[in-house]
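Thanks, everyone; I would like to use these few minutes to talk through the aromatic rings in our model. Please have the structure open while I speak.

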Amino acid sequence: MGQDDMREYKIGILYTAIAYIAWGVLPLYWKLIDYVPAIEILAHRIVWSLVFVLVIILISKKGNQLVTTLKEIVKNKTKLIGIIASSILITVNWATYIWAVNTDHIIDASLGYYINPLVSVLLGIIVLKERLLFWQGVSFVLAGLGVLILTLQYGSFPWVAITLALSFGFYGLTKKLAKLDSLIGLAMETMVVAPIALIYLGVLYNSGVDSFSSATFNVQLLLMGAGVVTALPLLWFAAGANRIPLSVLGILQYISPTISLVLGVFLFQEHFTKAHFITFLCIWSALLIYSFSKTKFLTSIQPKFTKDKSLGA
């Protein structure tokens, strides 16, 4: 690796790590406005994300690129459906996450983002016809066992974790298929749902029950800042992901749910039960096995009938 490549690699690591750290500490931000209804926070997050992204697009002189991409998507039904789908998926993800944080379900949210990488891989196997090795299959079984244990222990499905994992997993898939610039993509996704968010906020304002107009200036700034804390980590992630290998990216992505888990248990004193511990142990083991599934050691000890063959479609 040359000196320039090493510099780019280090920059990539820095940008990506900062993005995941920012996502990990994001619960602290939502907790500052936890008395505001989650759906209202979501509406502000959508609107101010669009405003912030459009400002960045103008500053970076990508306005023509945005207009050109919009024209192309309007003419291409497949891409148009993809943008609408990704808009719905990220909205569901944002809404679930805000609700989870502000109703003391940070541990469940953390579990969801631990499961998410495995969901993404599973979607790649099913939709993109990617290969599944033996030890990768073992990791999926372990993860499923962990979710099953938690479900049986509490008698209810861990819908927060699964909703977050599935919505972000499918969101990633739609983004991969659309192949759009991250900044332009986020602008178009928020454009789709921003009118609904604005109508909702307008109805609240006319009814005199909105939180923004009656809030202090600091709270108003926090609601407006929801767009900044949404867009910036995505831009950092995009800047980093383009500079480092996917394998390194896969390891760094566990920074975020680990920070959230620590915050949920030690700062916000959420109840971490034995069932939670067993479930997380299964998930952590699954992620560890998956991360090393392609190493010479594990491939050398997998059953002979699966060696170098695909278990997936």
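Phe280 is buried, and its relative accessible area comes out at 0%; I should say straight away that we are looking at a predicted model. The ring of Phe280 pairs with that of Tyr114 in an edge-to-face arrangement, with 5.9 Å between the centres and 85 degrees between the planes. This pair joins distant parts of the chain, since Tyr114 belongs to helix 5 (residues 106–126) and Phe280 to helix 13 (residues 274–291), which puts the two residues 166 apart. Tyr114 is buried as well, because its relative accessible area is 3%, and the cut-off for that label is under 20%.

Let me turn to another pair, Tyr20 with Phe237, where the geometry is again edge-to-face, at 5.8 Å centre to centre and with the planes at 80 degrees. Here too distant parts of the chain are linked, with Tyr20 in helix 1 (residues 3–31) and Phe237 in helix 10 (residues 217–241), 217 residues apart. Are these two rings buried or partly exposed? Tyr20 counts as buried, at 8% relative accessibility, whereas Phe237, with a relative accessible area of 23%, is partly exposed.

To place these examples in context, the structure holds 13 aromatic pairs, and one aromatic cluster is made up of Tyr97, Tyr113, Phe168 and Tyr171.

Finally, there is a contact of another kind to look at, in which Lys31 lies over the face of Phe268, at 4.9 Å from the ring centre.

Terms used:
Residues are numbered from 1 along each chain as its sequence is written. This is a predicted model: local features need pLDDT of at least 70, side-chain atom pairs count only at pLDDT 80 or more; totals for chains, interfaces and linings use all residues. Side-chain values use heavy atoms; hydrogens and water are left out. Rings of Phe, Tyr and Trp (its six-membered ring) pair if their centres lie within 6.5 Å; planes under 30 degrees apart count as stacked, over 60 as edge-to-face and the rest as tilted. Helices (H or I, at least four residues) and strands (E, at least two) are DSSP runs, numbered from the N terminus. Buried means under 20% relative accessible area, exposed over 50%, partly exposed in between (1.4 Å probe, protein chains only). A charge sits over a ring if NZ of Lys or CZ of Arg is within 6 Å of the ring centre and within 35 degrees of the ring normal.
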